[in-house]
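User: Hi! Could you walk me through this one? I have not looked at it before.
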There are 2 protein chains.
Amino acid sequence: MANETTAIQPSREQDFPEWYQQIITAADLAENSEVRGCMVIKPWGYGLWERIQQPLDRMFKETGHENAYFPLFIPLSYLEKEAAHVEGFAKECAVVTHHRLEVGPEGKLIPSGPLNEPLIVRPTSETIIGAAYARWVQSYRDLPILINQWANVVRWEMRPRLFLRTAEFLWQEGHTAHENAAEAVAETEKMLEVYERFAREYLALPVLTGEKSESERFPGAVRTLCIEAMVQDRKAVQAGTSHYLGQNFSKASGIQFANRNNQPEYAYTTSWGVSTRLIGTLLMAHGDDNGIVLPPKVAPSQIVIIPVTPKEEGRAAVLEACEKLATELRQLQLDGEPLRVRLDTRDKPGGAKGWDWIKKGVPLRVEIGPRDLAAGTVFVGVGIRASRRRPPIPRPISCNRL
Amino acid sequence: MANETTAIQPSREQDFPEWYQQIITAADLAENSEVRGCMVIKPWGYGLWERIQQPLDRMFKETGHENAYFPLFIPLSYLEKEAAHVEGFAKECAVVTHHRLEVGPEGKLIPSGPLNEPLIVRPTSETIIGAAYARWVQSYRDLPILINQWANVVRWEMRPRLFLRTAEFLWQEGHTAHENAAEAVAETEKMLEVYERFAREYLALPVLTGEKSESERFPGAVRTLCIEAMVQDRKAVQAGTSHYLGQNFSKASGIQFANRNNQPEYAYTTSWGVSTRLIGTLLMAHGDDNGIVLPPKVAPSQIVIIPVTPKEEGRAAVLEACEKLATELRQLQLDGEPLRVRLDTRDKPGGAKGWDWIKKGVPLRVEIGPRDLAAGTVFVGVGIRASRRRPPIPRPISCNRL
């Protein structure tokens, strides 16, 4: 646990990876669970994810997509169908082999009921969704299919790092099927553009778009486009990908349709996704030596109001003024939504509460004490501090301009 | 596949369970996947789930809860800690025993990398969340914890039925911890009341609230309260539960705190949940012999506008009128939200499109053809038809009034 009332130790320049862990702890965003590689996303961290989900979901729907949900489990045989895909994911799959437990000696539980065919927990859903699309598509009239899924996925991770690399993570995965290559390529590029716009407008991340080299491509893809964010240790972080899959997965899954000439043809598919890794990227790009820094559009609370009332005397009047201000601020809007204003009435000294919110990266901090009340003023602290030193903008790594 | 242009076969009275399957297929809500017991929730079904999630999530937040996310996997040893809980869930757990795959003879994949301790896929999260709360709670000042999680869970199911009993299902699970029994009991009752209000106001289900008998209690609970919905085969369906867990799980997980007398004490916990089973309940309560019937507040689209243009002549004018009407209707609000209006421009006869939407239970259907345009009229079909026959209201089963 970082010290409660001072800057993060170590600083970014002293030890960037350790600083990253410390800002997450200090902001109470997430923690490691006792299940290797699986994190607990705490309310402030999950609130951030919700604020990422909402505009993205709206952008997906505005571009014609609908949400659906596909099984968590994938039969082993599905994975075997696409050679490159197997190669890419076989080494990191959680495998379900039994469907019940029996109580053994000394009350220990023992796996029982072996499955005829083991199931893997989805590392990504191309194969299970492909099997569904194969059932749904008969004619070119059934295309395009434009579907997105919000889900958890599992990729066994030997060196987990909160938000950046975890065995289980949350994400969205778009999966579309089209009647020709041009339309599928256009979809791939359109969703990359959505990701770029979201990163810039909501996360304040000036990402670069590019295409991955062959060795970095998604296993089974023809082309992998990506957004790469530059973070403060001078490295690029892959923050979202959009894949043109050609006919690779439609052949593996049998997504075949009668085309406009009434000839059988395999569909052209795409997939695209961003995950809770966006949170890690955001933290590494914007955090400073006092903690995380959140862009107002995605901050779970945009303004926190802190009553500073060390003495009983005057406490009621200060609280009343704080509540009145909160009510007034909630009438205001940012981007068509009411401002998210939190009143921190916890039984804790005002200074300590102020530091809590600095570490949590809340964009605007309003502190009101008896003297402020008498003078008709408030103290305002701004999350993004003018004084912070930033390393020079780093150069991108492994990312070619599109 | 049910016939595309007539009523559902069989009728409710002829064969209620088969009718239930048929209305789901006809409405294109969901389908079985090739993974035993796991369903694919298709866009119209998932849209319904989203419309259930949104108001519920708002109601949880209005009652002081925040969302968070906990691991999908639970170590076997966690489950062993609470005897009744093990008993209840051991026979339906998916067990992960390996964390990678190797390519064997003939390209077959073989589970590899055995885990030291097998993991189960969460059937519910009391134990894994309890382990986190044990880390978070030291003093009564850390209480209450009021957290909800939206997640997928797995309970191996031998006789799956879409939405009602599936191996994987989507749900929310609230988990709260309190410093005394009275507060925890009050929470249990408050959330039951939220469920009841939601069922009545959004799903139009006049549920009964009650307490489960000892044999029907949640494994490990002290009391299980429930909402029960009456459906058309004269049976009661358990549509949501709220559990007072006493100190059973806090003792198992070690959620101990220094109370106001500075004495160590175990926290008092609750859990409460509703799932995609709400969709099944809704279908069985409101469906009729023409298909599903959706209450306007949760219908993914509340109004569908169907241009009926058998001939090329006049098509453009009809389409323009439909688009104008859609734009006007979207200016109107229901419950503070814009009306959800869909324009069905698919290349399909108007009559067939009309039947599609009847089967999908859309509340209001507007059809416009060239003659309507000339006469300045529209045809309006109402989802909830006055003529439908309903069996008498059934008596509740296994549910005592609270």
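Analyst: Happy to; we can go from the whole assembly to single residues. Keep in mind that this is a predicted model.

User: Great. How many residues does each chain bring to the contact?
Analyst: Chain A puts in 52 residues, and chain B puts in 52 residues.

User: Which strand gives the most on the side of chain A?
Analyst: That is strand E5 of chain A, residues 95-103, which gives eight residues to the side that touches chain B.

User: And how do the residues on that side divide into nonpolar, polar and charged?
Analyst: On the side of chain A that touches chain B, 34 are nonpolar, eight are polar and 10 are charged.

User: Back to E5(A). What does it join in chain B?
Analyst: It is joined by three bridges to strand E5 of chain B, residues 95-103, and the two run antiparallel. To see this in the model, find A:Val95, which stands opposite B:His98 in E5(B).

User: How are the two copies related?
Analyst: A turn of 180 degrees, with a shift of 0.0 Å along the axis, lays chain A on chain B with an RMSD of 0.0 Å. The copies are therefore related as by a two-fold rotation axis.

User: Which residue of chain A comes closest to the rotation axis?
Analyst: A:Val96 does, with its C-alpha at 2.1 Å from the axis.

User: Why do you say the copies meet through the same surface?
Analyst: Because 100% of the interface residues of chain A are also interface residues in chain B.

User: Nice. New topic: how is chain A divided into domains?
Analyst: Domain 1 is made of 16-68 + 124-289, and domain 2 covers 303-382. In chain A, the centres of these two domains, taken over C-alpha atoms, are 38 Å apart.

User: Let's switch to chain B. What is the order of strands in its open sheet of four strands?
Analyst: The order is E18-E15-E19-E20 in chain B, and the pairing is mixed. Strands E18 (341-343) and E20 (379-382) of chain B each have a single partner strand, so they stand at the edges, with one side left without a neighbour in the sheet. On average, and with direction ignored, neighbouring strands of this sheet are turned by 20 degrees against each other.

User: How do E15 and E18 of chain B run, parallel or antiparallel?
Analyst: E15(B), residues 303-307, and E18(B) run parallel and are joined by three bridges. Within that pair, B:Ile305 stands opposite B:Leu343.

User: Which helix packs on the sheet?
Analyst: Helix H9 of chain B, residues 315-330, packs there and touches E15, E18 and strand E19 (364-368) of chain B. The direction of H9 makes about 170 degrees with that of E15(B).

User: Now some single residues. Is B:Leu119 buried or exposed?
Analyst: B:Leu119 is buried, because 25 other C-beta atoms lie within 10 Å. You will find B:Leu119 in strand E6 of chain B, residues 109-121.

User: What is B:Leu119 in contact with, neighbours within four places in sequence aside?
Analyst: Its contacts are B:Phe73, B:Ile74, B:Pro75 and B:Val96, along with A:Val35 from chain A.

User: And where is A:Tyr266?
Analyst: A:Tyr266 is in strand E13 of chain A, residues 264-266. A:Tyr266 counts as buried because there are 20 C-beta neighbours inside 10 Å. Beyond neighbours within four places in sequence, A:Tyr266 has contacts including A:Gln247, A:Ile255 and A:Lys251. A:Lys251 is 15 residues away along the chain, and the two C-alpha atoms are separated by 6.3 Å.

How values were computed:
Residues numbered from 1 in each chain as written. Chains lettered and ligands numbered in written order. Predicted model: local features only at pLDDT ≥ 70, side-chain atom pairs only at ≥ 80, totals over all residues. Buried ≥ 20, exposed ≤ 12 C-beta atoms within 10 Å, placed from the backbone. Contact = placed C-beta atoms within 7 Å. Nonpolar A, V, L, I, M, F, W, Y, C, P; charged D, E, K, R; others polar. Pairing = 2+ DSSP bridges. Domains from an automatic or database assignment. Least-squares fit on C-alpha atoms with pLDDT ≥ 70 in both. Axes fitted to C-alpha atoms, helices over the stretch in contact; angles between N-to-C directions.
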